[in-house]
Amino acid sequence: MEPLRVLELYSGIGGMHQALRASGIPAEIVVAVDVNTVANDVYIHNFPTTPLWPKTIEGISLKEFNRLSFDMILMSPPCQPFTRIGRQGDISDPRTQSFLYILDILPRLAKLPKYLLVENVKGFETSSARNELIQTLEKCGFTYQEFLLSPTCLGIPNSRLRYFLIARLQSEHFPFQAPGKILTDFPSQEPADSKMSKGPEGWAEHSSPVPTQELASGYDNNGRQRPQKEGFLFKLETVEELERKQHADNDLSLQMLRKYLQDDVVEGLSQYFLPLKSLLRYAFLLDIVTPTCRRSTCFTKGYGHYIEGTGSVLQTAEDIQLESVFKSFEALSEDEKLMRLSTLKLRYFTPREIANLHGFPPEFSFPDKVTIKQCYRLLGNSLNVHVVAKLILILVG
Ligand code: SAH
């Protein structure tokens, strides 16, 4: 089989390229495109022989696209217009323009690609941009299937619920195709009806944090009173969240975090410990996990910088019980609180550890000049390599 000629749009640090490699299918990236200079440095560092165009996608003409003569497009358009936290500007957000440009170019290409894969955040599936994508695909004669998948589907202890679409240029349906439905797991051999999207329940990333004002109120975000005794509740945690965490930690189909961690002897690990002032201020907002946990929350680009909702932190003192630290906490003086919190030895996951959870291979690395904050930013925008590799295999099947 001739290697597939693949276009990697919005290439970032090359998550799609890693996934293509991991899929094992004979393929080459004919060009990667991204405007972010730091991301491009990382890309070139890891894929020095792949042509990379450091320009905007809107700046690529139809003629240039045609000259590339590609069989596949892998792309992760900017997700900010579709995130729950963002303003949901959708197609009116200037950051969606390049995606609409691609949709406009696609039907006019001299030769349509055989395969397409699109990745975006949860939320994209209800956007107008998604509707335009579907209309374009249907007009061009593609068969497609949409998914909402998290790495936990593959036993990886990290939540990262993402939208995916795979499409191929043929009228014959995928064997698992579920028209009008979004699949929430990888297709098995059986018909897909048992795996239809059931809506938001059950997805860790769906639970919205309770506003800080409600800290003392004793009510969760659905207005229910927090039970006082059942297990240990952080103040910002609903009973459902606590149960979900406990359930994940007991789910042996998920790996332990330990497998993804760097050794304690790694030089410079001390710089990842949480500063005392963040500890006091954000104690109740932290999602604390230990190496034996089988879950972690989605690492976003603000990780290591903003605390709330950007990703779990690691309790390295494994023998300390969280309950003992937070017991009668409010009654303590600041010094006592700090003393208790510091016994947990909380640290951020390192960029390498997040890359491990994302499925980046050991040989992946960042150039020295990239700062830790930049690493977190780039990884927060990137994707889970194993999830995408599996989708590529299904697509090319
Ligand atoms: N999948 C990538 C990350 C995608 S994030 C990875 O694995 O790292 C979206 C990327 O699109 C960002 O790197 C951003 O710089 C780039 N981008 C946004 N708008 C663009 C445009 N108009 N042209 C080219 N690149 C763009």
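Helices (H or I, at least four residues) and strands (E, at least two) are DSSP runs, numbered from the N terminus. This is a predicted model: local features need pLDDT of at least 70, side-chain atom pairs count only at pLDDT 80 or more, and totals for chains, interfaces and linings use all residues. Residues are numbered from 1 along each chain as its sequence is written, and side-chain values use heavy atoms, with hydrogens and water left out.

**View 1. Asp90, a loop residue with positive phi.** Asp90 sits in the loop between strand 4 (72–75) and helix 4 (97–105). Its phi is near 55°, a positive value in a residue other than glycine. Most residues other than glycine have a negative phi. Is Asp90 buried or exposed? Asp90 counts as buried because its relative accessibility is 14%. Here buried means under 20% relative accessible area, exposed over 50%, and partly exposed in between (1.4 Å probe, protein chains only).

**View 2. Ser328, a loop residue on the exposed side of the cut-off.** Ser328 lies in the loop between helix 8 (322–326) and helix 9 (334–343). Phi of Ser328 is near 45°, again positive in a residue other than glycine. At 53% relative accessibility, Ser328 counts as exposed.

**View 3. Thr136 in helix 5.** Helix 5 spans residues 128–140 and holds Thr136. Thr136 has 9% relative accessibility, so this residue counts as buried. A polar atom of its side chain lies 2.8 Å from the backbone oxygen of Glu132. Which residues does Thr136 contact, leaving aside its neighbours within four places in sequence? They are Leu103, Leu106 and Pro107. Contact means heavy atoms within 4.5 Å.

**View 4. Helix 4 and its cover.** The buried residues of helix 4 include Ser98, Phe99 and Leu100. Ile102, Leu103 and Ile105 are buried in this helix too. Strand 1, helix 3 (62–68), strand 4 and helix 5 are among the elements that cover the buried residues of helix 4. Leu103 is also a contact of Thr136.

**View 5. Helix 1, mostly covered.** Helix 1 runs over residues 15–23, and seven of its nine residues are buried. These are Gly15, Met16, His17, Gln18, Ala19, Leu20 and Ser23. What do the buried residues of helix 1 pack against? Their strand partners are strand 1 (4–9), strand 2 (27–33), strand 4 and strand 5 (115–121). Helix 2 (37–46) and helix 12 (385–396) pack against them as well. Gly24 follows helix 1, and its phi is positive, near 80°.

**View 6. An open sheet of three strands.** The strand order is 9-10-11, with mixed pairing. Strand 9 (288–289) and strand 11 (346–348) are the edge strands, each pairing on one side only. Two strands pair if DSSP finds at least two bridges between them. Strand 9 and strand 10 (residues 313–315) run parallel and are joined by two bridges. Val289 stands opposite Leu314 in strand 10.

**View 7. The whole chain, for orientation.** The chain has 12 helices and 11 strands. Of its 397 residues, 52% count as buried. Take the contacts between residues at least 6 apart in sequence: 71% of them join residues at least 24 apart. The chain exposes about 19000 Å², and carbon and sulfur atoms supply 52% of that area. Accessible areas come from the Shrake-Rupley method with a 1.4 Å probe; for residues, only the protein chains shown count as cover.

Conventions:
Polar contact = N/O pair within 3.5 Å; in protein donor to acceptor, adjacent residues only side chain to side chain.
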